[in-house]
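Thanks for asking me to look this one over. My notes are below, set out as numbered points so that you can follow them with the structure open.

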Amino acid sequence: ISQMWDAYDSSPKFAFLNALAAHDYSLDAAHSSLGSENYDRTVYNFLNNLMAKNDARDTYIVLRSDHGLQGGPYPIDYATQIEHMHPWTAIIAPANHLSLSLEPFASNQNSLVTGFDMYHSLRYLMSPSFVDGNGKQKSLLFDSGIPRWSYNLFQQTISLNRNCQDAKIPKSFCPCISERHDMVPSFYVGHSEQSTQKLSLPMLSYNWTTMRFAALRLPGVLLPKNAQIKYVVRFNRDVLPPRCNTTLSSYINEGMLRESWQLIHNITSLFPESDVSGGIFLYPRQMSLLVYLVQHQVALRAAENRNPDNSEPFRICETGFGSGHSAALFLSSAPNVEVVTFDKFDRPYQSAAFVALQSSYGKRLTRVIGNSCQTVKSYKKTCHFLHGSSLCKTDNIDLIHKSGAGVTLTSTAMGSLDSRAVYFGKKAQWAFLRKEGCIENVVCFAEEERTLDGKFIFSSGKGQKISHKFCFAVNTGACKKSKGVESVKRTWREDDFCPNWIVHAPGP
């Protein structure tokens, strides 16, 4: 920057430097202050040199921090928590510059200021403006994109009574104690203000050796038993077939699962303009049946071993992560379930939702990023259960090709089984698989009619009535294209299910 200022001494110029210097000075608090003091000397020398240049009287300098220290043990320190809510800003302004009114500028030092105000102010400095009779700059010629609630720090006085609601600051980042009772920083893992109002989550445990918080023990979470990655899985009862009065709580702790879903909701609600594809939560019958199928197959696999307490991971391959609801459902169904999800992860909330769920379930949840039309074909590991729910027009076919005989194929619920996308419409995937002899034992079900209370990609809007249908099938093994894939024992039949839920599958 100094060289740039020397080379263009008389020309207007703008420079931005992102230092990223002070995230983790040291785990030892005694040494942390030494690191910060050392960086202070670097900043002092830079500013001293810049202020000595010829154009210093025509230069604005903005020094700004983001959140202060956030690594290691520092988040538990109250001073760090308060600092996180008060990003530090200092502005060095030339006192006699035409763009500056000293009285409002001085007054704004004691007001609530946001990044929107800083953007407004910098736009004011860099854009053509109208001037008054005294030559002072007034309003901008071009103000497109400047938030209407923001202030020009150099010309406008911000009220001392301004609050977070006025400044458009989300409650989870609000520095005003009068508007926020929980000052603990969230550090991007959900938002503490929203979570503490709605949920009763377990306490976080911090590991001082790894410098990480331990995973939350939500349903199904457990740690490797030994170096061979064996899992302790005990089944104290038979998995009963679903009856007409079966609900999800017949198989899992539904309340704990919904805590995971609430975390997903907290994340997706931050992106109100982004499309949400829907979720397995819309289909209570499908949720209950999916959990039954997974638990029953896991129990049979464990019973086939001489030591039923020792079970290898049971891997579910799903295409289409969506918001993560189905992944959380599968992970909650049994302690040794692993989920690998195939998705582009191109929606703004998806990666955040994935990381949040992974913080709960650990390495039991993994992802393959990319177009599932290609990534499923190149996947090398064995899939023990299949769930196709992406927009790829061949994902169900590709999953069958990559798995062995006896593996269960499930797919997303649809408004009609005759659609061309998934089930049994003309050139639909399941119609092709059945025609080629790739699947058998096809059973289809209908959900009860319900009214949507939200907006989703597949719907016309809030208030629409839906009654979707879905199917299960078994891989015959006749169409597998990978060598060495594992075959499994077929674990269910049509008689296991409530006859009132079953509908006829179109076609032969």
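The points below go from the whole chain to the sheet, its helices and then a few single residues.

1. Overall picture. Please keep in mind that this is a predicted model. The chain holds 14 helices and 18 strands. Of its 508 residues, 46% are buried. Among contacts in the chain with a separation of 6 or more, 68% link residues 24 or more positions apart. The accessible surface of the chain is about 27400 Å², and carbon and sulfur atoms supply 53% of that area.

2. The eight-stranded sheet. A good place to start is the open sheet whose strands follow the order β11-β10-β9-β12-β13-β17-β14-β18, with mixed pairing. Its edges are formed by β11 (365–369) and β18 (502–503), each of which pairs on one side only.

3. Strand β17 and its two neighbours. Which strands does β17 join, and in what sense? With β13 (residues 408–411), β17 runs antiparallel and is joined by three bridges; T410 has F472 in β17 as its bridge partner. With β14, β17 is again antiparallel, this time joined by six bridges, and E440 is partnered by V474 of β17. Strand β17 (residues 469–475) is also mostly covered, with six of its seven residues buried. As a reminder for viewing, side chains in a regular strand alternate between the two faces of the sheet.

4. The β18 edge. Strand β14 (residues 439–446) pairs with β18 in the antiparallel sense, over two bridges. To find the spot on screen, look for C444, whose bridge partner in β18 is V503.

5. Helices against the sheet. Helix α10 (residues 325–333) lies across four strands, namely β9 (314–319), β10 (337–343), β11 and β12 (385–388), and runs at about 165° to β10. Helix α11 (residues 350–361) packs on the sheet too, touching β10 and β11, and its direction makes about 155° with that of β11.

6. A turn worth a look at F345. In the loop between β10 and α11 you will find F345. Its phi is near 50°, a positive value in a residue other than glycine. Is F345 buried or exposed? Its relative accessibility is 10%, below the 20% cut-off, so F345 counts as buried.

7. A second positive phi, at K168. K168 is not a glycine either, yet has a positive phi of about 65°. This residue sits in the loop between α6 and α7 (192–198). At 46% relative accessibility, K168 lies between the 20% and 50% limits and therefore counts as partly exposed. I would simply note both backbone values when you go through the loops.

8. Helix α5. Does the length of this helix add up, and what span should one expect? The 12 residues of α5 (residues 115–126), at 1.5 Å a residue, should span 16 Å, and the end C-alpha atoms are indeed 16 Å apart, so the two values agree. The N-terminal end of α5 is capped by T114, with a side-chain oxygen 3.1 Å from the backbone nitrogen of F116. Within α5, D117, M118, H120, S121, R123 and Y124 are buried.

9. S150 beside α5. Where is S150 placed? It belongs to the loop between β4 (137–140) and α6 (164–167). With a relative accessible area of 6%, S150 falls under the 20% limit and so is buried. Leaving aside neighbours within four places in sequence, S150 is in contact with F116, D117, H120, Q156 and R162. Its side chain makes a polar contact with the side chain of H120 at 3.0 Å, and also reaches the backbone oxygen of P147 at 2.6 Å. S150 and S121 are 29 residues apart along the chain, while their C-alpha atoms are separated by 9.0 Å.

10. H401. Last on my list is H401, found in helix α13 (residues 395–401). Its relative accessibility of 12% is under 20%, so H401 counts as buried. Which residues does H401 touch? Not counting residues up to four places away in sequence, H401 touches C479, K480, K481 and S482.

Conventions
Residues are numbered from 1 along each chain as its sequence is written. This is a predicted model: local features need pLDDT of at least 70, side-chain atom pairs count only at pLDDT 80 or more; totals for chains, interfaces and linings use all residues. Side-chain values use heavy atoms; hydrogens and water are left out. Two strands pair if DSSP finds at least two bridges between them. Contact means heavy atoms within 4.5 Å. Axes are lines fitted to C-alpha atoms, for helices over the stretch in contact, and angles run from 0 to 180 degrees between N-to-C directions. The expected span of a helix is 1.5 Å times one less than its number of residues. Buried means under 20% relative accessible area, exposed over 50%, partly exposed in between (1.4 Å probe, protein chains only). A polar contact is a pair of N or O atoms within 3.5 Å; within protein, one must be able to donate a hydrogen and the other to accept it, and residues adjacent in sequence count only if both atoms are side-chain atoms. Accessible areas come from the Shrake-Rupley method with a 1.4 Å probe; for residues, only the protein chains shown count as cover.
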